Amino acid sequence: METMACHACNNSNEDPECHDNHLNSTSASLSSIHSLQRVPSLTAQLNQQHHLSTIDYHCIATLRGHTSYVSSLTLAGKFLFSGSSDHEIRAWKRNPWSYEADDENQTHNVVAVGKAAVKSLVVLADKVFSAHQDHKIRVWKFKSQDLQEQKCEHIATLPTLSDRAVKLLNPNNQVQIRRHKKSTWVNHVDTVSAIALSRDESLLYSVSWDRTLKAWRTSDFKCLESVNNAHDDAINALVVSNNGNVYTGSADKKIKVWKKITGEKKHTLITTLEKHSFGINALVLSTNGNYLYSGACDGSMLVWEKEGEDNMVALGALRGHTKAILCLAVAVDLIFSGSADKTIRIWRGAGKSYSCLAVLGGHLGPVKCLTVAADPYSKGDASTSNYLVYSGSLDCDVKVWQIVVRLH
């Protein structure tokens with residue numbers, strides 16, 4: 001495992017298994033200009049709209065250790081957790097300025113090893129939930145909060161054995177998954193592509209390439225609900241709003257919004273958003289929940305504005321990436337998009353006024369995952385906003401970027 005300054009990055013080993021079939025964008029590069037003619041473009045020239053803002057950015061570290069592509073990143077407490085197709089979950093110090101000073105503390109940072117590629121991570125108190133390519137969700141518990149001793153023990157695999165056993169007793173719990181094969185409805189039968197927590201953290205939601213949406217109780221890991229055939233194709237993206245709405249994005253080009261109506265036990269489909277012309281890979285909500293951003297295989301990002309309690313209307317498209325958008329993140333009024341074109345774009349705006357503030361290049365493979373947070377380690381003043389961006393790529397590296405937005 002290495003911690004290096006970004007200018008020294010020379011790892012060009014790209015795992016051929018990194019290219020998920022559902023995220024293949026080779027035939028979709030710039031066609032958004034034609035395929036989304038019904039959706040107006042919101043993109044101005046670089047920094048044209050927000051001329052009162054300037055942005056400084058640089059890569060301050062490259063974290064190396066994973067031997068295959070990095071598919072998931074999440075921040076929790078003082079740590080950054082990364083999941084990879086090498087089956088490993090690693091913990092890194094969140095503070096990038098401590099890497100060189102305490103490099104010896106970074107040599108044993110594998111906290112858990114699963115049995116299949118890690119696709120998504122969620123941290124809840126002293127537990128880590130990991131979604132995997134082998135159709136399972138695994139639950140890990142920290143043994144210690146000390147990074148030198150930080151390891152996880154495996155405490156459960158979802159669905160649990162008891163959950164599966166109980167469901168097997170009743171034939172009504174069997175669902176058809178292929179022509180001559182059935183399974184209990186608690187089982188995912190394809191890659192679990194994304195997981196997310198409800199606002200009160202009582203539920204864990206999961207989506208899969210098997211086209212289902214499931215809800216699990218975090219207290220005892222019981223599967224409470226499964227929405228079969230939630231989409232017409234693989235589900236790639238999932239995000240949960242503060243009011244409890246669940247958004248799912250699929251290769252079928254649709255975003256669906258689900259809600260548990262008061263008094264009901266199950267989630268109901270309340271609206272379907274259809275403006276994309278290619279499969280959807282990523283979703284993220286603005287910090288206030290009024291805007292939804294969706295990234296697709298053609299490199300376009302659509303901006304949706306909340307209309308009423310549950311509906312969203314498409315305002316327009318942000319264009320600039322030359323290949324599929326694979327991940328999205330937000331921080332205040334900034335939107336970050338990672339792409340198969342190996343770049344990260346930083347967007348700023350609201351309503352129908354957006355611009356691209358910067359394009360970050362440095363990864364040698366598609367950017368698969370992003371997470372962003374305010375930078376508490378750098379001194380600033382009232383005229384600047386500082387952020388740290390963590391990006392994971394098919395080049396197997398995690399990069400840490402410092403972003404400084406200056407207001408004149």
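This passage describes one sheet, two nonpolar cores and two buried residues of a predicted model.

The sheet is open and has four strands. Their order is β17-β18-β19-β20, and the pairing is antiparallel. Strands β17 (235-240) and β20 (267-273) form the edges, each pairing on one side only. On average, neighbouring strands of this sheet are turned by 25 degrees against each other, direction ignored. Within the sheet, β18 covers residues 246-250 and β19 covers residues 255-260. These two strands pair in the antiparallel sense over four bridges. Gly249 stands opposite Ile255 of β19.

Ile255 itself lies in strand β19. The relative accessible area of Ile255 is 0%. Ile255 therefore counts as buried, as the cut-off for that class is under 20%. With neighbours within four places in sequence left aside, the contacts of Ile255 include Tyr247 and Thr248. Thr271, Thr272 and Leu273 are also among them. Further contacts of Ile255 include His231, His276, Ile280, Leu283, Leu292, Ser294 and Trp304. Ala237 is 18 residues from Ile255 in sequence. The C-alpha atoms of Ile255 and Ala237 are 9.1 Å apart in space.

The largest nonpolar core holds 20 residues. Phe336, Ile346, Leu370 and Ile403 touch the most other members. Several strands each supply at least two residues of this core, among them β2 (53-64), β25 (325-331), β26 (334-339) and β27 (343-350). Strands β28 (353-361), β29 (367-374), β30 (384-393) and β31 (398-407) each do so too. Ile403 touches Ile55, Asp56 and Tyr57, among others, when residues up to four places away in sequence are not counted. On the same count, the residues touched by Ile403 also include Ile346, Leu360, Ser385, Asn386, Tyr387 and Val389. A second, separate core has 17 residues, including Ile137, Ala156, Trp185 and Leu197.

Ser206 is found in strand β14 (residues 203-208). With a relative accessible area of 0%, Ser206 is buried. The side chains of Ser206 and Trp216 are joined by a polar contact of 2.9 Å. Beyond four places in sequence, the contacts of Ser206 include Ile137, His188, Val192, Ala194 and Ile195. Also among them are Thr212, Leu213, Lys214, Trp216 and Leu238. Ile137 is one of the residues of the second core, and Ile137 is in contact with Ser206.

Terms used: Residues are numbered from 1 along each chain as its sequence is written. This is a predicted model: local features need pLDDT of at least 70, side-chain atom pairs count only at pLDDT 80 or more; totals for chains, interfaces and linings use all residues. Side-chain values use heavy atoms; hydrogens and water are left out. Two strands pair if DSSP finds at least two bridges between them. Axes are lines fitted to C-alpha atoms, for helices over the stretch in contact, and angles run from 0 to 180 degrees between N-to-C directions. A nonpolar core is a set of buried Ala, Val, Leu, Ile, Met, Phe, Trp, Tyr and Cys residues joined through side-chain atoms within 4.5 Å. Buried means under 20% relative accessible area, exposed over 50%, partly exposed in between (1.4 Å probe, protein chains only). Contact means heavy atoms within 4.5 Å. A polar contact is a pair of N or O atoms within 3.5 Å; within protein, one must be able to donate a hydrogen and the other to accept it, and residues adjacent in sequence count only if both atoms are side-chain atoms.
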